[in-house]
Amino acid sequence: MRVRGDDADPFSQGFICPKGSTLGEVHHDRDRLREPVVRRDGRFVAVSWEEAFEEVAARAEALQAKEPKNANAFYWQAYALGRYAQGISVAKALAQGIGGKVKAALETTIKLAPKHGDAHIALGSYHAEVI
């Protein structure tokens, strides 16, 4: 993979940022992670995307219990559950009550941090998907 600017583009005139120009090197880096991993017993272990998002949601829920005013703990739970739900069937997500958990976590995030822009966008997207 090689990344380069398009000289014919009227906006960029072929310019790309240094980060974009090295995308090919990053993609082919032999040390790049190619699957999700979680730390277990001090070691990183490869897991499925479902398992990774479940792990994030569980850790966020534990952080909520420890720090109930931490808005990001609620946001990350909503994010992880939302991503997890995208990987399973709609029927399974509904049976697990994921939609309600995501909505409640986002509403709590906004209550604790009214200027949390990502939570407002995510809650708007949640409502748009429901409609």
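**Exercise 1. Salt bridges**

How many salt bridges does the count come to? Work through some of them in this predicted model.

*Solution.*

Step 1. Begin with the total: the count comes to 5 salt bridges.

Step 2. Look at Arg30, which forms a salt bridge with Asp31. The closest N and O atoms of this pair are 3.8 Å apart, and the cut-off for a salt bridge is within 4 Å.

Step 3. Check how open this pair is. Arg30 has a relative accessible area of 74%, so Arg30 is exposed. Asp31 reaches 60% and therefore also counts as exposed.

Step 4. Move to Arg40, whose salt-bridge partner is Glu51, with 2.9 Å between the closest N and O atoms. This pair links distant parts of the chain, since Arg40 belongs to strand 1 and Glu51 to helix 3, 11 residues apart.

Step 5. Find the accessibility of each partner. Arg40 is partly exposed at 31%, and Glu51 is partly exposed at 31%.

**Exercise 2. A network around helix 3**

Which residues are linked in a network of salt bridges? Trace the connection between Glu55 and Arg59 as well.

*Solution.*

Step 1. Name the members: the network links Arg40, Glu51, Glu55 and Arg59.

Step 2. Take Glu55 and Arg59, whose side chains meet in a salt bridge with an N to O distance of 3.0 Å.

Step 3. Place them on the helix. Glu55 and Arg59 are 4 residues apart in helix 3, so about one helical turn separates them.

Step 4. Add the accessibility. Glu55 has a relative accessible area of 22% and is partly exposed, while Arg59 is partly exposed with 47%. The range for partly exposed lies between 20% and 50%, which is why both values earn that label.

**Exercise 3. The strand pair**

In what sense do strand 1 and strand 2 pair, and over how many bridges? Then examine the turn that joins them.

*Solution.*

Step 1. Locate the strands: strand 1 covers residues 37–40 and strand 2 covers residues 43–46. They pair in the antiparallel sense over 4 bridges.

Step 2. Pick a facing pair. Val38 stands opposite Val45 in strand 2.

Step 3. Turn to the connection. The two strands form a hairpin with 2 residues between them.

Step 4. Look at Asp41, found in the loop between strand 1 and strand 2. Asp41 has a positive phi of about 55° although it is not a glycine. Asp41 has 84% relative accessibility and so counts as exposed.

**Exercise 4. Two residues of helix 3**

Is Gln64 buried or exposed? Compare your answer with the class of Val56.

*Solution.*

Step 1. Find Gln64 in helix 3, which spans residues 49–66.

Step 2. Read its accessibility. Gln64 has a relative accessible area of 11%, so Gln64 is buried. The cut-off for buried is under 20%.

Step 3. List what Gln64 touches. Setting aside residues up to four places away in sequence, Gln64 touches Ala73, Phe74 and Gln77.

Step 4. Now take Val56, which is also placed in helix 3. Val56 is partly exposed, with 36% relative accessibility.

Step 5. See what Val56 belongs to. Together with Trp76 and Tyr79, Val56 makes a nonpolar surface patch of about 280 Å².

**Exercise 5. Before helix 1**

Which residues is Gly14 in contact with, leaving aside its neighbours within four places in sequence? Finish with Gln13.

*Solution.*

Step 1. Place Gly14 in the segment before helix 1 (18–21).

Step 2. Name the contacts: Gly14 meets Gly5, Asp6, Asp7 and Asp9.

Step 3. Check a distance. The C-alpha atoms of Gly14 and Arg4 are separated by 7.7 Å, and these residues are 10 residues apart along the chain.

Step 4. Judge the accessibility. Gly14 stands at 18%, so Gly14 counts as buried.

Step 5. Turn to Gln13, which is also found in the segment before helix 1. Gln13 counts as exposed at 60% relative accessibility.

Step 6. Note the backbone of Gln13: its phi is positive, about 50°, although Gln13 is not a glycine.

Technical notes:
Residues numbered from 1 in each chain as written. Predicted model: local features only at pLDDT ≥ 70, side-chain atom pairs only at ≥ 80, totals over all residues. Heavy atoms only, no water. Buried < 20%, exposed > 50% of the residue type's maximum accessible area, 1.4 Å probe, protein only. Contact = heavy atoms within 4.5 Å. Patch = residues over 30% accessible without salt bridge, like charges linked within 9 Å, V, L, I, M, F, W, Y side chains within 5 Å. Areas by Shrake-Rupley, 256 points an atom, 1.4 Å probe, with all protein chains shown as cover. Pairing = 2+ DSSP bridges.
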